[in-house]
Amino acid sequence: MPTQNDGGSIEVGTKFRSTQSGFIKGIRFYSGTICSGTYKGKLWNYTNGTLMASANFTSVTANGWQEIMFTNPVSICR
């Protein structure tokens, strides 16, 4: 149930493929009604498991998109 907090942390992710080479400048997620606090966003290389970039989401607000920009954009190839 989304309104109950078990106090534990989890890491979730999604896999994507780009049709063009370019740069990933940041990431975002949608915050529900009970989300608050600090979250860490990470960008992993799916092929070899290397952490490519990370940044902290701070001052997360309820009900809306939360966005962070990486210090250095990450180059990707299609």
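This is a short tour of a predicted model, with stops at a loop residue, a strand residue and the nonpolar core.

**Stop 1: Asn63.** Select Asn63. You are in the loop between strand 3 (51–60) and strand 4 (64–76). Asn63 has a relative accessible area of 47%, so it counts as partly exposed. Now add Ser31 and show the C-alpha atoms. The two residues are 32 apart along the chain, yet their C-alpha atoms are separated by 5.2 Å. Extend the selection to Tyr30, Gly32 and Thr33. Together with Ser31, these are the contacts of Asn63 once neighbours within four places in sequence are set aside.

**Stop 2: Gln66.** Move on to Gln66, in strand 4. Is Gln66 buried or exposed? Its relative accessibility is 8%, under the 20% cut-off, so Gln66 is buried. Show the side chain. One of its polar atoms lies 3.0 Å from the backbone oxygen of Gly64. Next, display what Gln66 touches beyond four places in sequence. One group is Ile27, Arg28, Phe29 and Ser31. The others are Phe57, Ser59, Val60 and Thr61. Ser31 was also a contact of Asn63.

**Stop 3: the core.** Select Ile24, Leu43, Ala53, Ala55, Phe57, Val60, Ile68, Phe70, Val74 and Ile76. These 10 residues form the largest nonpolar core. Which elements give two or more residues to this core? They are strand 3 and strand 4. Phe57 and Val60, both touched by Gln66, are among the core residues.

**Stop 4: Val74.** Stay in the core and centre on Val74. Leaving out neighbours within four places in sequence, Val74 contacts Gly22, Phe23, Ile24, Leu43, Met52 and Ala53. Ile24, Leu43 and Ala53 belong to the core too.

Definitions and conventions: Residues numbered from 1 in each chain as written. Predicted model: local features only at pLDDT ≥ 70, side-chain atom pairs only at ≥ 80, totals over all residues. Heavy atoms only, no water. Helix = DSSP H or I, 4+ residues; strand = E, 2+ residues; numbered from the N terminus. Buried < 20%, exposed > 50% of the residue type's maximum accessible area, 1.4 Å probe, protein only. Contact = heavy atoms within 4.5 Å. Core = buried A, V, L, I, M, F, W, Y, C linked by side-chain atoms within 4.5 Å. Polar contact = N/O pair within 3.5 Å; in protein donor to acceptor, adjacent residues only side chain to side chain.
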